Amino acid sequence: MPAAYIRLAIPDDEEALGRLDRETWSPLHAVQPRPQPPYEPFYNERFGPRDHLVAELDGTLVGYVRLGFPTSLTCNSHVRQIQGLAVAEQARGAGVGRALLRAAQDEARRRGAHRITLRVLGHNTPARKLYESEGFVVEGVLPEEFLIEGEYVDDVLMGRFL
């Protein structure tokens, strides 16, 4: 399989991103209920195209990563946070998630970040292994922070210096 092409999102990606987000919804990573029609717009006041990197394979959008700020505080503006990562089922195992993760780190550096963080559910072993393989370390755990489908799940904070 060819390498994924990673680029900044554009306004015209919104429909494909919304569809990908709905298709990849899973209790493995989602703390919100499964989306139901009518669907909210993918882009909103908080996150727009410039906050997303997208992955394409053969011209088809197959993944995205959302890069934001963990808080709105000026004293925290040197940190970026991955606030969403999704890869289409048919593109999994092809290095798309890793490519998006690396591109997010490069983009965070380009935008002046000194650190990058993320939050991942404790039971999401595939994601945690990917993040660890890219140099992220566990920096904190909120035990049983979420109740998902009748199970208590830890919220794991991971981060790394850029």
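This passage describes the fold of the protein chain, the arrangement of its sheet and helices, and several backbone features in its loops.

The model is predicted, and for that reason local features are reported where pLDDT is at least 70 and side-chain atom pairs where pLDDT is 80 or more, whereas totals for chains, interfaces and linings use all residues. Residues are numbered from 1 along each chain as its sequence is written, and side-chain values use heavy atoms, with hydrogens and water left out.

The secondary structure of the protein chain consists of three helices and seven strands, where helices (H or I, at least four residues) and strands (E, at least two) are DSSP runs numbered from the N terminus. Along the sequence these elements follow the pattern β-α-β-β-β-α-β-α-β-β. The radius of gyration of the protein chain is 15 Å, close to the 15 Å that the globule rule gives for 162 residues, so the chain is as compact as a globular protein of that length; this radius is taken over C-alpha atoms, and the rule is 2.2 Å times the number of residues to the power 0.38. The C-alpha trace spans about 40 × 40 × 35 Å along its principal axes.

The seven strands form an open sheet with mixed pairing, in the order β1-β2-β3-β4-β5-β7-β6, two strands being taken as paired if DSSP finds at least two bridges between them. Strands β1 (5–8) and β6 stand at the edges with a single partner strand each, so one side of each is left without a neighbour in the sheet. On average, neighbouring strands of this sheet are turned by 25° against each other, direction ignored. Strand β5 (residues 115–121) is joined to β7 by seven bridges and runs antiparallel to it, with V120 standing opposite V156 in β7. Strand β6 (residues 137–148) is likewise antiparallel to β7 (residues 151–161), the two being joined by eight bridges, and L142 stands opposite D155 in β7.

Helix α1 (residues 14–23) lies across β2 (52–57), β3 (60–68) and β4 (79–87), and runs at about 85° to β3; axes are lines fitted to C-alpha atoms, for helices over the stretch in contact, and angles run from 0 to 180 degrees between N-to-C directions. Helix α3 also packs on the sheet, where it touches β4, β5, β6 and β7 and its direction makes about 160° with that of β5; contact here means heavy atoms within 4.5 Å.

The axes of helix α2 (residues 96–110) and helix α3 (residues 125–133) come within 11 Å and cross at roughly 50°. That makes α2 oblique to α3, given that angles under 35 degrees count as roughly parallel, over 145 as roughly antiparallel, 65 to 115 as roughly perpendicular and the rest as oblique. The contact is made by G97, R98 and L101 of α2 together with L130, Y131 and S133 of α3.

Most residues other than glycine have a negative phi, and most peptide bonds are trans. In the loop between β2 and β3, D58 has a positive phi near 50°, and E149 takes a positive phi near 50° in the hairpin of β6 and β7, which has two residues between the strands. A cis peptide bond with omega of about -5° joins P37 and P38, and P38 is found in the loop between α1 and β2.
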